[in-house]
Amino acid sequence: GERSAGGIIGSGRVAISNCVNHGNISSVSTYAGGIVGDGEKIFMRGCVNYADVEGLNGQYVGGIAGYMYMTGTGFVGYMDSCYNYGNVSSGHKYIGGVTGYQRGDYVNTDCGNYGTVTGTGSKANSDNTGGYTGYSYGDFYNCFNVGNVEAKGVLTSGFLGEGSGNIIKNCFNAGTVTSTA
């Protein structure tokens, strides 16, 4: 994709449930996700990605969603029972097994990543690489990562690369984390 590449939706404002993607995703620019490339006010339930997701030089790359943003006072988005089995890689930052970047209020419940997450760029270009998400303002309940994570940048983690104001409860990482920063 030129700007937004997704297995089900490239870019949009949607509620999406019970969808499956088996087709590999490759983007030369920003926003790539196994289900949604980027979207505003995204509500997701029961979505599964089995394909590899690759952001060649772009940021915001995730196994389920590349970039999700919630706008407006009082709005809370959710991601419930969504799973990624594909490998996720990018030559830039904000890379995650489930989401690359979640901006605004999101609640993640019973979601997980099984795929390998790799930041392939130079040191500064592989920042914010996480087994679950590269960056999030959201909350996490009963979520996990079991895929290995490798990046050259800082803020590399088995679960949350970087966060702000998060609640993380009953979540875990079982993947190996390697950072060469």
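Begin at the surface: select Val20, Tyr50, Tyr85, Tyr114, Val146 and Phe172, which together make a nonpolar patch of about 540 Å². Keep in mind throughout that this is a predicted model.

Within that selection, centre on tyrosine 50. Tyrosine 50 sits in the loop that runs between strand 9 (48-49) and strand 10 (53-55). Its relative accessibility is 42%, so tyrosine 50 counts as partly exposed.

**A sheet with strand 9**

From this loop, go to the sheet that includes strand 9. Six strands make up this open sheet, with parallel pairing and the order 4-9-14-19-24-29. Strand 4 (20-21) and strand 29 (172-173) are at its edges; each has a single partner strand, so one side of each has no neighbour in the sheet. Val20 and Phe172, two of the patch residues, carry the numbers at which these edge strands start.

Now select residues 83-84 and residues 112-113. These are strand 14 and strand 19, which run parallel and are joined by two bridges. What is the bridge partner of asparagine 84 in strand 19? The partner is asparagine 113.

**A second six-stranded sheet**

Next, display strands 3, 8, 13, 18, 23 and 28. They form an open sheet in the order 3-8-13-18-23-28, and the pairing is parallel. Which strands stand at the edges of this sheet? Strand 3 (15-17) and strand 28 (168-169) do, each pairing on one side only.

Inside this sheet, select residues 77-80 and residues 106-109. Strand 13 and strand 18, as these segments are numbered, pair in the parallel sense over four bridges. Show glycine 77 and look across to strand 18: tyrosine 106 stands opposite.

**Aromatic pairs**

Turn on the aromatic side chains. Over the whole structure, a search finds 20 aromatic pairs. One of them is the pair of phenylalanine 43 and tyrosine 78, which is tilted, with 5.3 Å from centre to centre and 55° between the planes. Phenylalanine 43 belongs to strand 8 (residues 43-45) and tyrosine 78 to strand 13, so this pair ties together parts that lie 35 residues apart in sequence. Are these two residues buried or partly exposed? Phenylalanine 43 is partly exposed, with a relative accessible area of 22%, and tyrosine 78 also counts as partly exposed, at 30% relative accessibility.

For another ring geometry, select tyrosine 60 and tyrosine 67. Their ring centres are 4.7 Å apart and their planes meet at 65°, so this pair is edge-to-face. Tyrosine 60 counts as buried at 14% relative accessibility, and tyrosine 67 counts as buried at 9%.

Extend the selection to Tyr31, Tyr69, Tyr94, Tyr101, Tyr135 and Tyr137. Together with Tyr60 and Tyr67, these residues form one aromatic cluster.

**Glycine 121**

The last stop is glycine 121, in the loop between strand 20 (117-119) and strand 21 (129-130). Is glycine 121 buried or exposed? Glycine 121 is buried, since its relative accessible area is 10%, which falls under the 20% cut-off.

To see what surrounds glycine 121, show Ser90, Gly91, Ser126 and Lys152. Glycine 121 touches these residues, leaving aside residues up to four places away in sequence. Finally, draw a C-alpha to C-alpha distance from glycine 121 to glycine 62: the two are 16 Å apart in space and 59 residues apart in sequence.

Definitions and conventions. Residues are numbered from 1 along each chain as its sequence is written. This is a predicted model: local features need pLDDT of at least 70, side-chain atom pairs count only at pLDDT 80 or more; totals for chains, interfaces and linings use all residues. Side-chain values use heavy atoms; hydrogens and water are left out. Patches are made of residues with over 30% relative accessible area and no salt bridge: like charges are joined within 9 Å, nonpolar side chains (Val, Leu, Ile, Met, Phe, Trp, Tyr) within 5 Å. Accessible areas come from the Shrake-Rupley method with a 1.4 Å probe; for residues, only the protein chains shown count as cover. A salt bridge is a side-chain nitrogen of Lys or Arg within 4 Å of a carboxyl oxygen of Asp or Glu. Buried means under 20% relative accessible area, exposed over 50%, partly exposed in between (1.4 Å probe, protein chains only). Two strands pair if DSSP finds at least two bridges between them. Rings of Phe, Tyr and Trp (its six-membered ring) pair if their centres lie within 6.5 Å; planes under 30 degrees apart count as stacked, over 60 as edge-to-face and the rest as tilted. Contact means heavy atoms within 4.5 Å.
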